[in-house]
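Please open the structure in your viewer and keep the selection tool at hand. The stops below say what to select next and what is there.

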Amino acid sequence: MRPHPTPGNLPAELNHFVGRRRELSVVADLLGRARLVTLSGVGGVGKSRLAVRAAAEAAAGDAFPDGAWLVELAPVRDPGLVEHSVAEALGLTDHTTRLPLATLAAHLADRELLLVLDCCERQVEATARLTEALLRQAPGLRVLATSRQPLGVAGEHLLALDPLADEAVELFADRAAAALPGFAVDEANRSAVAELCRRLDGLPLALELAAGRMRALSLEQILERLDDRFALLTRRGATGPARHRALRTAIGWSHELCSPAERLLWARLSVFSGDFDLEAAEYVCSGPELPADAMMDLIADLVDKSVLLRRETAGVVRYLLLDTVREYGLGWLAAMGDEDRVRARHRDWYLGFATWGELEWFSARQAQVAKSTERELANLRAALDFSLADPGEFRIGQFMAGTLWFYWVGCGRLTEGRYWLERALAVDDTPTEQRAKALWVCGYVSILQGDGLAALGVLHECRQQALDTGNAAAVAYSVHRLGCGALLSGDLTRAEALFEEALGHYRVLGELNSNVIMAEVELAMAAAFKGDLERAVGICETVREVCEDHGERWALAYALYTRAVIAWIQDDPALARQLASECVRINQVFRDLVGIVLGMELLALLTAAYDAEEAAVLQGAAGGIWDLVGLPVFGSHHFGIPHNRCEELCRAELGAVGYAQAFAAGSGLDLDAAVTRVLLGPVRAAAQRVPVRAAPGRLPMDASARTPDGGG
């Protein structure tokens, strides 16, 4: 029995899994001897459901100690985002300038893991290239793919799924009983059910759609309507395999059973990528023909008809169109000539969402913003892609990519953020406010990735453009980020001057947000590194007061780190540990690797005073995180002091071999395990694998009465 659940992200099943025992056995056998197994078949045949069930059964054994992980590729429209989607599903956060493939290969290199790539057909070439590369570089990796066509990768084993035979009646009976409690297959209706299953070629999706109509129609009425639908297809000269026609029949028949308003809503909802909430649907899809106040009832009707799926997680209700059903709706939307208009509405909603997120990031709703933006990532990608594909929308795309800085920087999405920012900058070089924002955000992201040369280029371009066009805000932000570059390079005098200049601009503009607070924190860092501890403590205390007033936690975490370093210098390890621990807790909520690893390095140093072996383990864990952040401690002398001092103490106590062994043990910890260990210690961390949450409340940052004077 496992002491802890197997890692992974497979979704729980929402209804009974019916049949497919033979196929499950075949998949299990193939996964035991092949590294790439692809389930192929027509849309609606049940590839995704079978893959998830097979992966869950495989992960329940001992074959994949690092778990089974699902990557949903149906929403991915840009081939360049396939690798990002896999990294996202694996929970990887990479701040470096490495390509996502390199990050994935490094993560998977020594793991025994099953990767489920679902709905590969839309990006089959990009998926095939990625799969082949990962299989070559990660010997413990197995891939289970679903696709309407083979990936064409060497060593691929194909399992073509046939529709259900005898099990079709069992599936229909199960789903019909869910729609119409009390329904059962008996002698009176058995032949009608069998005929229905035959007409729908045993396709699971078609059967589930038909079962969903049992609330409103009898079996005989369903069969009559299917007769009409088949005849209609024949009259229109339908071609292609019977299974394709059966699925089109089932979906088209469901479409015909919808009211005109429901059909129109179905078509408009098809522009969403992934799932969505009611408010988004009301904005994007409403109009004279679809009043917003009717949207809730219409969505409920589509859920009842099994067109929409309803998902509820932690009290949040969202809706999803299955990929095949979405494709059908998109076809109708295009035929109506309304696709571009509705996609623009979709983009406008998510532009508004991004703007809301930027404003609310500087508030007590910061954690909510982070979670909400994570949920909406697929739709934000679709909105960015729409804007950057049409010359008439380029400037909106630039503005949107820049406005999402809080997510790229604050939530560990630097690599993807830079992808969108560079793409936005490449499409239009007109010196506009929108381009200026994208420039300084791109510079910010590049600095945090350790790519100082690229950062200087875009920041100087931003500053010059801002001066030429009179864009005072862009001057302030570009100067601020140039100060960050100076701070990391060790030019403390220049860094101080640039931060003070930027803060002066911010005051004139009346700007107050998380970026402004970070400028204060970075000024405090520069002062502390120069030895002006009193000034640094004063700035941190002011930052704490402002953050408490506004509920800001992310920038506060960096003030806590700065204050913790000062407490260590002033020989107050208890205060330093308290502040550094809270820094790590807060940054874990946002998955901000930079803040996590800085706090972890300082906590390792504090641990070295009484347990050198554990300190070396923590340094190893930090080293694994630095691999994702970029250049360790940014290549900075000042930021590297805690690390270097800790390593000296540990090597002196443990020797070279002992230090290397403990460091290697820490390197094997994943992010959550590393954070839990640094906060709870090795014994409690082993017994208490719990999520880390930031604790509310005031922290004793102004502790001058408790801390001795003098430097260390």
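## A guided tour

Begin by selecting helix 15, residues 339–360, where you will find both Tyr350 and Phe353, three residues apart and so separated by about one turn of the helix. Keep in mind from this stop onward that the model is a predicted one. The ring centres of Tyr350 and Phe353 are 6.3 Å apart and their planes meet at 55°, which makes the pair a tilted one, because an angle must be over 60 degrees to count as edge-to-face and under 30 to count as stacked. Tyr350 is buried, with a relative accessible area of 0%, and Phe353 is buried too, with a value of 12%.

Now widen the selection to Phe272, Phe276, Tyr319, Tyr350, Phe353 and Trp356, which ring pairs link into a cluster. From Phe272 in that cluster, move to Arg326, which touches Phe272 as well as Ser270, Ser273, Gly274, Leu320 and Leu321, when residues up to four places away in sequence are not counted. Arg326 belongs to helix 14, residues 323–335, and with 6% relative accessibility this arginine counts as buried.

**Arginines over rings**

Select Arg345 together with Tyr283, and you will see the arginine lying over the face of the tyrosine ring, at 4.2 Å from the ring centre. A second arrangement of this kind can be brought up by selecting Arg481 and Tyr444, where Arg481 lies over the face of Tyr444 at 3.4 Å from the ring centre.

**Helix 6 and its surroundings**

The structure holds 21 aromatic pairs, and one of them is formed by Phe172 and Phe183, an edge-to-face pair whose centres are 6.1 Å apart and whose planes stand at 90° to each other. Phe172 sits in helix 6, residues 167–179, while Phe183 sits in the loop between helix 6 and helix 7 (190–199), so the pair ties together parts that are eleven residues apart in sequence. Both partners are buried: Phe172 has 0% relative accessibility, and Phe183 has a relative accessible area of 13%.

Stay with helix 6 and add helix 8, residues 204–211, to the selection; the two helices pack at an angle of about 35°, with their axes 8 Å apart. Helix 6 passes helix 8 in a right-handed crossing. On the side of helix 6 the contact is made by Ala168, Leu171, Phe172, Arg175, Ala176 and Ala179, and on the side of helix 8 by Pro204, Leu207, Glu208, Ala210 and Ala211.

**Strand 3 and helix 4**

Next select Leu113, which lies in strand 3, residues 113–118. Which residue, 49 places away along the chain, has its C-alpha atom 5.1 Å from that of Leu113? Select Phe64, since that is the residue in question. Leaving aside neighbours within four places in sequence, Leu113 is in contact with Phe64, Asp66, Gly67, Trp69, Leu90, Leu108, Gly140, Leu141 and Arg142. Leu113 is itself buried, with a relative accessible area of 2%.

Leu90, one of those contacts of Leu113, is also touched by His107, which touches Leu92 as well when residues up to four places away in sequence are not counted. His107 has its place in helix 4, residues 100–108, and is buried, with a relative accessible area of 18%.

**Two loops with a positive phi**

Move on to Asp571, in the loop between helix 27 (554–569) and helix 28 (573–590). Asp571 has a positive phi of about 60°, although it is not a glycine, and at 60% relative accessibility this residue counts as exposed. Follow helix 28 onward to Arg591, which lies in the loop between helix 28 and helix 29 (593–608). Arg591 likewise has a positive phi of about 60° without being a glycine, but is partly exposed, with a relative accessible area of 26%.

**Last stop: confidence**

Finally, colour the model by pLDDT: the mean for the protein is 87, and 91% of its residues reach 70 or more. Select residues 230–243, where the pLDDT is below 50 and where the stretch has 19 contacts in the model beyond near neighbours in sequence. Then select residues 688–712, where the pLDDT is again below 50 and the stretch has 57 such contacts in the model.

Technical notes. Residues numbered from 1 in each chain as written. Predicted model: local features only at pLDDT ≥ 70, side-chain atom pairs only at ≥ 80, totals over all residues. Heavy atoms only, no water. Phe/Tyr/Trp six-rings, centres within 6.5 Å; stacked < 30°, edge-to-face > 60°. Helix = DSSP H or I, 4+ residues; strand = E, 2+ residues; numbered from the N terminus. Buried < 20%, exposed > 50% of the residue type's maximum accessible area, 1.4 Å probe, protein only. Lys NZ or Arg CZ within 6 Å of the ring centre and 35° of its normal. Contact = heavy atoms within 4.5 Å. pLDDT = per-residue confidence, 0-100. Axes fitted to C-alpha atoms, helices over the stretch in contact; angles between N-to-C directions. Left-handed = near helix turned anticlockwise from the far one by under 90°.
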